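This report describes selected features of one protein structure for the bench biochemist. The sequence and the structure are shown first, and the description follows.

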Amino acid sequence: MSEFDAGLAAAQEALVRAMTAGGPMPEGFDAGAVRAAAHGILLKRAGEVARAWPSLAESYGTSWKAAFAAWAAERPTRGSLRDGWDFARENRDRFAGDAARELALAEARWSYDGQDPPRPRRAAARRVPGGAVVVLGRWVRVFGRDPSG
């Protein structure tokens, strides 16, 4: 077993920060290759968030990946659920219909302060676009019309 190399560990950490959290480019790496890898990681994150938040991603159409990648470029991932939730909260004025409903339903079902991981609510009653939602344990009932239809 080899000994721990603190210099190598620091270089690896700097490289990961540069690729995933907008950190400065570490010395000794091909900047173009690192930027290309970082962009690929952002597009992968956009795809993962789109699976967790389909209406949100759909509301952006073909500009979803670019919009999310621009937002996420200097933010380390916190998982697709939280990344999408944070993105949606910061951009809630830009979308309506199914995306607004998707966010409202998530906020009714889960408690999330933007810092700690989301926790399921035991009970909630909230307005959502086109109606209201009632949450009791695992039971979720939406009243009203579908805003997209």
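Two strands are said to pair if DSSP finds at least two bridges between them. The model discussed here is predicted.

**The sheet and its hairpins**

With that criterion, β4 and β5 form a hairpin with 2 residues between them. In the turn of this hairpin, G137 has a positive phi of about 60°. Strand β4 is also part of a hairpin with β3, again with 2 residues between the strands, and here the turn contains G130, whose phi is positive at about 90°. Both strand pairs are summarised below.

| Strand pair | Sense | Bridges | Turn residue and phi |
|---|---|---|---|
| β3 (residues 123–128) and β4 (residues 131–136) | antiparallel | 6 bridges | G130, about 90° |
| β4 and β5 (residues 139–144) | antiparallel | 6 bridges | G137, about 60° |

Individual bridges show how the strands are aligned. A125 has V134 in β4 as its bridge partner, and R126 is bridged to V133, also in β4. On the β5 side, the bridge partner of A132 is F143.

Strands of a sheet pair through backbone hydrogen bonds, in either a parallel or an antiparallel manner. In this model the 3 strands make an open sheet in the order β3-β4-β5, with antiparallel pairing. Because β3 and β5 stand at the edges with a single partner strand each, one side of each is left without a neighbour in the sheet. On average, neighbouring strands of this sheet are turned by 15° against each other, direction ignored. Helix α6 lies across β3, β4 and β5, and runs at about 160° to β3.

**Helix α5 and its packing against α6**

Helix α5 spans residues 80–90, and its buried residues are R82, D83, G84, W85, D86, F87 and A88. The elements that cover these buried residues include α2 (31–52), α3 (54–60), α4 (64–72), α6 (98–109) and β1 (110–111).

Two packed helices are described by the angle between their axes and by the distance between those axes. For α5 and α6, the angle is about 120° and the axes are 11 Å apart. That angle makes α5 oblique to α6. The crossing of the two helices, α5 and α6, is left-handed. In this contact, W85, A88 and R89 of α5 meet L103, A106 and E107 of α6. By class, the contact of α5 with α6 has 4 nonpolar, no polar and 2 charged residues.

**The loops on either side of α5**

R78 is located in the loop between α4 and α5. Its relative accessibility is 32%, so R78 counts as partly exposed. Leaving aside neighbours within four places in sequence, R78 is in contact with D83, D86, Y112, G114 and Q115. Of these partners, D83 and D86 are among the buried residues of α5. R78 and P117 are 39 residues apart in sequence, and their C-alpha atoms are 8.9 Å apart in space.

The loop between α5 and α6 contains N91. Does N91 count as buried or exposed? The cut-off for buried is under 20% relative accessible area. N91 has 13% relative accessibility and therefore counts as buried. Not counting residues up to four places away in sequence, N91 touches Y60 and W71.

Notes
Residues numbered from 1 in each chain as written. Predicted model: local features only at pLDDT ≥ 70, side-chain atom pairs only at ≥ 80, totals over all residues. Heavy atoms only, no water. Buried < 20%, exposed > 50% of the residue type's maximum accessible area, 1.4 Å probe, protein only. Helix = DSSP H or I, 4+ residues; strand = E, 2+ residues; numbered from the N terminus. Contact = heavy atoms within 4.5 Å. Axes fitted to C-alpha atoms, helices over the stretch in contact; angles between N-to-C directions. Parallel < 35°, antiparallel > 145°, perpendicular 65-115°, else oblique. Left-handed = near helix turned anticlockwise from the far one by under 90°. Nonpolar A, V, L, I, M, F, W, Y, C, P; charged D, E, K, R; others polar.
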